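Let's take a walk through a protein chain together. Keep the picture open while you read, and look for each residue as we come to it.

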Amino acid sequence: MSGGAKLVFATHNAHKLREVTTILGEAMELARGVIVGADAVGGPDVKETGVTFAENAVLKARALAEHSGLPAIADDSGLCVEVLGGAPGVFSARWAGTHGDDAANLALLLDQLSDVPPGKRGAWFECAAALVTPDGQSWMESGKLMGSLTAAPRGSGGFGYDPVLVPVGGARTCAQLDPEEKNTISHRGRAFRALAPHIARVLARG
Ligand code: IMP
């Protein structure tokens, strides 16, 4: 593990680690190497047994704070589709069965929505971001990115369902945005910018 690590992020997803390191780096003073991913501390694979994003985020952060002895952050996030009553929601990462199979998840979702016309394809990304300290204190913030779904994937940036979500007021999918553009409006950007003051206070007290 990096000697300067002071905060651990409960993710094994390199895209998320990059996004959140950038978001927090802009929101607060953070020296390089202060945030490390769960892999750097041999973090446990936590079962996401919660029924809400918030429950899962706290679950993951708590497990990693206990494991590492460092303050831990985590997020749980997903895509919620209006005509599917908010699904895939907490099941976004494993919608087609195998956890993290982005291509299969996307293909299944587009198939399920093949008869849904453009005006009825409203959807949003949602993110709950949690901070838990080794002594068990916790903080939680959340963010949303409202949009609509395309009929076919567009763009090569980002991850997950980015190629099919067009943010409200835009014309490009999240996969066609620069990373900075996505971070400015994204569910994860909003949630972690709101969490940043809590993180700063926890890090300042050492
Ligand atoms: P988590 O790792 O349990 O939070 O699962 C998040 C899943 O939701 C990912 O595997 C993606 O399928 C989806 N997701 C969450 N955030 C995003 C995003 O910013 N873009 C695209 N897909 C996302």
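Start with R188: with a relative accessibility of 1%, this residue counts as buried, because buried means under 20%. You'll find R188 in helix α5. Keep in mind that this is a predicted model.

What does the side chain of R188 make a polar contact with? The partner is the side chain of D75, at 2.7 Å. R188 has plenty of other neighbours too: leaving aside residues up to four places away in sequence, it touches K16, E19, V20, I23, D75, S77, C127, F159 and K182.

Now compare a few single residues. D162 sits in the loop between β5 (138-149) and β6, while G169 belongs to the loop between β6 (165-167) and α4 (179-185). Here is how they look next to R188:

| Residue | Relative accessibility | Class |
|---|---|---|
| R188 | 1% | buried |
| D162 | 2% | buried |
| G169 | 85% | exposed |

D162 touches F125, G157, T173, C174, A175 and K182, again not counting residues up to four places away in sequence. As for G169, its C-alpha lies 8.2 Å from the C-alpha of G147, and the two are 22 residues apart in sequence.

**Helix α1**

Remember K16, E19, V20 and I23 from the list of residues that R188 touches? Together with L24, they are the buried residues of α1. Looking down the axis of α1, you'd see those buried residues fall within an arc of 120°, so they line one face of the helix. It helps to know that an α-helix has 3.6 residues a turn, so residues three or four places apart point the same way. On the face turned away from the buried side, α1 carries the exposed residues R18 and E26.

What covers the buried residues of α1? The cover includes β1 (7-9), β2 (35-37), β3, α4 and α5 (187-204).

The helix itself runs over residues 14-27, which makes 14 residues, and it spans 20 Å from first C-alpha to last, close to the 20 Å expected at 1.5 Å a residue. At its start, a side-chain oxygen of N13 comes to within 2.9 Å of the backbone nitrogen of H15.

**The nonpolar cores**

Next, look for the largest nonpolar core, which has 20 residues. Its members that touch the most other members are V8, V36, V41, F53, A61 and L64. Among the suppliers of this core, α2 (53-68), β3 (72-81) and β4 (122-132) each give at least two residues. Helix α2 gives the most, with 5 residues. There's also a second, separate core of 17 residues, and I35, I73, L195 and A196 are among its members.

**The whole chain**

Now zoom out. How many helices and strands are there in the chain? You can count 5 helices and 6 strands, and along the sequence they follow the pattern β-α-β-α-β-α-β-β-β-α-α. The chain's radius of gyration is 17 Å, close to the 17 Å that the globule rule gives for 206 residues, so it is as compact as a globular protein of that length. Taken along the principal axes, the C-alpha atoms fill a box of roughly 55 × 30 × 25 Å.

Of the 206 residues, 46% count as buried. And if you take the contacts between residues at least 6 apart in sequence, 63% of them join residues at least 24 apart.

Notes. Residues are numbered from 1 along each chain as its sequence is written. This is a predicted model: local features need pLDDT of at least 70, side-chain atom pairs count only at pLDDT 80 or more; totals for chains, interfaces and linings use all residues. Side-chain values use heavy atoms; hydrogens and water are left out. Helices (H or I, at least four residues) and strands (E, at least two) are DSSP runs, numbered from the N terminus. Buried means under 20% relative accessible area, exposed over 50%, partly exposed in between (1.4 Å probe, protein chains only). A nonpolar core is a set of buried Ala, Val, Leu, Ile, Met, Phe, Trp, Tyr and Cys residues joined through side-chain atoms within 4.5 Å. The expected span of a helix is 1.5 Å times one less than its number of residues. The arc is that of the directions from the helix axis to the C-beta atoms. Contact means heavy atoms within 4.5 Å. A polar contact is a pair of N or O atoms within 3.5 Å; within protein, one must be able to donate a hydrogen and the other to accept it, and residues adjacent in sequence count only if both atoms are side-chain atoms. The radius of gyration is taken over C-alpha atoms; the globule rule is 2.2 Å times the number of residues to the power 0.38.
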